[in-house]
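Here are my notes on the model you sent over, as numbered points. Have the structure open while you read.

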Amino acid sequence: MSLSISTTAPDSDDARALLDALSDTLAAITGDSGRSSFDPADVRGPGARFVIARDASGEAVGCGAYRPLQPGVAELKRMFARTRSGGIGRSLLAELEHSAAADGYRELWLETRRVNLTAVAFYRAHGYREIPNFGRYIGRPEAICFSKTLAAKEAAA
């Protein structure tokens, strides 16, 4: 699948449609839409990014974001692909990792729900390792947190 990925405002029509689809999907899998864990303002401005993937026809097929978390660490947020085929998730993740490294981050952290087996397997397959729960996820046994160290070459690319 031919994809283009570009930075977009998290409140654009396409972004809202993708975020709503993600929330519906998460609610069906985990019982929680995840809306309370995402503030669009967090993925605007310096050190943050929200992207949308589009297919060859221009249809918005996926999204993802990161926000500053602490010095050298960004938090990956709202990763979503409308379908599991075509490498949408992989392409979005690669773009966000590259961009975060270029923004000076050394690591990306994220949280998902343990019951979201597809997401857990996806992140593990892409080099993320489990870490102790951080921030609002501390003490929440349903949450699982991951980290990936970004390669220095990504920042130089």
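1. Let's start with one matched pair: Thr112 sits opposite Ile144 in strand E7. That pair belongs to the ladder between E5 and E7, two antiparallel strands joined by seven bridges. Bear in mind throughout that this is a predicted model.

2. E7 has a second partner to look at. Strand E6, which covers residues 129-131, pairs with E7 in the antiparallel sense, here over three bridges. If you want a residue to click on, take Ile131, whose bridge partner in E7 is Cys145.

3. How many of the seven residues of E7 are buried? Six are, so this strand (residues 143-149) is largely enclosed by the rest of the structure.

4. Now for Arg113, a residue of strand E5, which runs over residues 107-113. Is Arg113 buried or exposed? Its relative accessible area is 15%, and it counts as buried because the cut-off for that is under 20%. Setting aside neighbours within four places in sequence, Arg113 is in contact with Thr30, Asp32, Val120, Arg140, Glu142 and Ile144. Ile144 is also the residue that stands opposite Thr112.

5. On to another set of strands. E2 (residues 49-54) and E3 (residues 60-70) run antiparallel and are joined by six bridges. Ala53 stands opposite Gly62 in E3. The hairpin these strands make has five residues between them, and Gly58 takes a positive phi near 90° there.

6. E3 carries on to E4 (residues 73-81), again antiparallel, with seven bridges between E3 and E4. Tyr66 is the residue opposite Leu76 in E4. What lies between the two strands of this hairpin? Two residues do, and Gly72 in the turn has a positive phi of about 85°.

7. Back in E2, have a look at Val51. Val51 is buried, with a relative accessible area of 0%. Leaving out residues up to four places away in sequence, Val51 touches Ile5, Ser6, Thr7, Thr8, Gly62, Cys63, Gly64, Leu92 and Leu96. Gly62, on that list, is also the residue facing Ala53. For a sense of distance, Ser36 is 15 residues from Val51 along the chain, and their C-alpha atoms are separated by 20 Å.

8. Stepping back to the whole fold, the protein has four helices and seven strands. In sequence order they follow the pattern β-α-β-β-β-α-β-α-β-β-α. Among contacts between residues at least 6 apart in sequence, 62% join residues at least 24 apart.

9. Why call the overall shape consistent with a compact globule? For 157 residues, such a globule would have a radius of gyration near 15 Å, and the protein has 15 Å, which agrees. Its C-alpha trace spans about 45 × 40 × 30 Å along the principal axes.

10. Last, burial and surface. Buried residues make up 45% of the 157. The protein exposes about 7700 Å², with carbon and sulfur atoms supplying 52% of that area. As for charge, there are 20 positive and 19 negative side chains, and the centres of the two sets lie 4 Å apart.

How values were computed: Residues are numbered from 1 along each chain as its sequence is written. This is a predicted model: local features need pLDDT of at least 70, side-chain atom pairs count only at pLDDT 80 or more; totals for chains, interfaces and linings use all residues. Side-chain values use heavy atoms; hydrogens and water are left out. The radius of gyration is taken over C-alpha atoms; the globule rule is 2.2 Å times the number of residues to the power 0.38. Buried means under 20% relative accessible area, exposed over 50%, partly exposed in between (1.4 Å probe, protein chains only). Contact means heavy atoms within 4.5 Å. Accessible areas come from the Shrake-Rupley method with a 1.4 Å probe; for residues, only the protein chains shown count as cover. Lys and Arg count as positive and Asp and Glu as negative; His and the chain ends are not counted. The place of a charge is taken as NZ of Lys, CZ of Arg, CG of Asp or CD of Glu. Two strands pair if DSSP finds at least two bridges between them.
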